[in-house]
Amino acid sequence: MPNYWLLKTEPSVYSFADLVREGQTVWDGVENAVALKHLRAMRQGDIALIYHTGDERQAVGLAQIVSDPYPDPKQHDPRLVVVDVVPLQPLNRPVTLAAIKADPFFADFALVRQGRLSVVPVTPAQWERLLAMAETAM
C-alpha cells in the first residue's frame, strides 16, 4: 500500500505541465526541516498530488515517487535529500485550497494547519476525499 503526499511547486518555476513534458524530475529544493522529514519518509511507489502555489493554490495532478530518498547531488549537505518523480495524470478537476479549507473534514490536514510546508503527508481518508473532489479515479 503506498503512502500519499502533497508536493507544492510554484508553477512559474516548475509546473505539473513541465513534469508531464519532461516525463521525470528530481524533486529538490526542500530545505525546511519538517518538509525534509516528510521527504525522507517517502518510498518508491508512493503517490503524490502536485499542488500549484502562488496565484493558483490548487492541486492539479498526480505523480508517482519512483525512487527512495537520496542525498541531493547538487548540494554538499547530506541532510538535503531528493526523490525522483514521474507524472501519472492531471486531475479531472483541480482542487483549490479554498475548497479544501471550506470542508471541515480537512481541519487537521497539514496543508491547512501548516500551510508553508512544501511536502505534506496525506492520510488515506484525505486522499480518497481529495480524489472525489477532483472527480479523478486512480
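The following paragraphs describe the strand pairing, the buried helix faces and selected residue environments of a predicted model.

The UniProt record, an unreviewed entry, lists residues 3-133 as "domain: EVE". In the model this span is 27% helix and 34% strand, and its end C-alpha atoms lie 19 Å apart.

Strand E1 (residues 4-9) has partners in both E3 and E7. With strand E3 (residues 47-52), E1 runs parallel and is joined by six bridges; within this pair, Tyr4 stands opposite Ile47. With E7, the pairing of E1 is antiparallel and comprises four bridges, and here Leu7 stands opposite Val119. In a regular strand, side chains alternate between the two faces of the sheet. In E1, Tyr4, Leu6 and Lys8 lie on one side and Trp5, Leu7 and Thr9 on the other, and all of these are buried, so that both faces of the strand are covered. Because six of the six residues of E1 are buried, the strand is largely enclosed by the rest of the structure.

Strand E6 (residues 81-96) pairs in the antiparallel sense with E2 (residues 25-27) through three bridges. Trp27 has Val83 as its bridge partner in E6. Seven bridges link E6 to strand E4 (residues 58-65), again antiparallel, with Ala59 partnered by Val95 of E6. Strand E5 (residues 70-71) is likewise antiparallel to E6 and is joined to it by two bridges; the bridge partner of Pro71 in E6 is Val81.

Thr9 belongs to E1 and, with a relative accessibility of 9%, counts as buried because this value falls under the 20% limit. A polar atom of the Thr9 side chain lies 2.5 Å from the backbone oxygen of Tyr14. Beyond its neighbours within four places in sequence, Thr9 is in contact with Tyr14, Trp27, Ile50, Tyr51, His52 and Thr53. Among these contacts is Trp27, the residue partnered by Val83 in E6.

Gly54 is located in the loop between E3 and E4. The relative accessibility of Gly54 is 31%, and the residue counts as partly exposed. Its C-alpha atom is separated by 8.6 Å from that of Ser12, although the two residues are 42 residues apart along the chain.

Helix H2 (residues 33-41) contains the buried residues Ala35, Leu36, His38 and Leu39. Seen down the helix axis, the buried residues of H2 fall within an arc of 160°, so they line one face of the helix. An α-helix has 3.6 residues a turn, so residues three or four places apart point the same way. On the other side of H2, Ala33 and Lys37 are exposed. The elements that cover the buried residues of H2 include E1, E2, E6 and strand E7 (119-122). The N-terminal end of H2 is capped by Asn32, a side-chain oxygen of which lies 2.8 Å from the backbone nitrogen of Val34.

Helix H5 (residues 124-133) has Gln126, Trp127, Leu130, Leu131 and Met133 as its buried residues. These fall within an arc of 155° when seen down the axis of H5, so they too line one face of the helix. Glu128 and Ala132, on the other side of H5, are exposed. The buried residues of H5 pack against E1, E3, E4, E6, helix H3 (97-102) and E7. H5 is followed by Glu135, which has a positive phi near 50°.

In soluble globular proteins, nonpolar side chains tend to be buried together. The largest nonpolar core of the model has 44 residues, and those with the most contacts inside it are Leu7, Phe109 and Leu130. Of these, Leu7 is a buried residue of E1, where it stands opposite Val119 in E7. Leu130 is one of the buried residues of H5. Leaving aside neighbours within four places in sequence, Leu130 is in contact with Leu49, Val95, Ile100, Phe106, Phe109 and Val122. Val95, one of these contacts, is the bridge partner of Ala59 in the pairing of E4 with E6.

Methods. Residues numbered from 1 in each chain as written. Predicted model: local features only at pLDDT ≥ 70, side-chain atom pairs only at ≥ 80, totals over all residues. Heavy atoms only, no water. Pairing = 2+ DSSP bridges. UniProt positions renumbered as here; feature names shortened; annotations may be inferred. Buried < 20%, exposed > 50% of the residue type's maximum accessible area, 1.4 Å probe, protein only. Polar contact = N/O pair within 3.5 Å; in protein donor to acceptor, adjacent residues only side chain to side chain. Contact = heavy atoms within 4.5 Å. Arc of directions from axis to C-beta. Core = buried A, V, L, I, M, F, W, Y, C linked by side-chain atoms within 4.5 Å.
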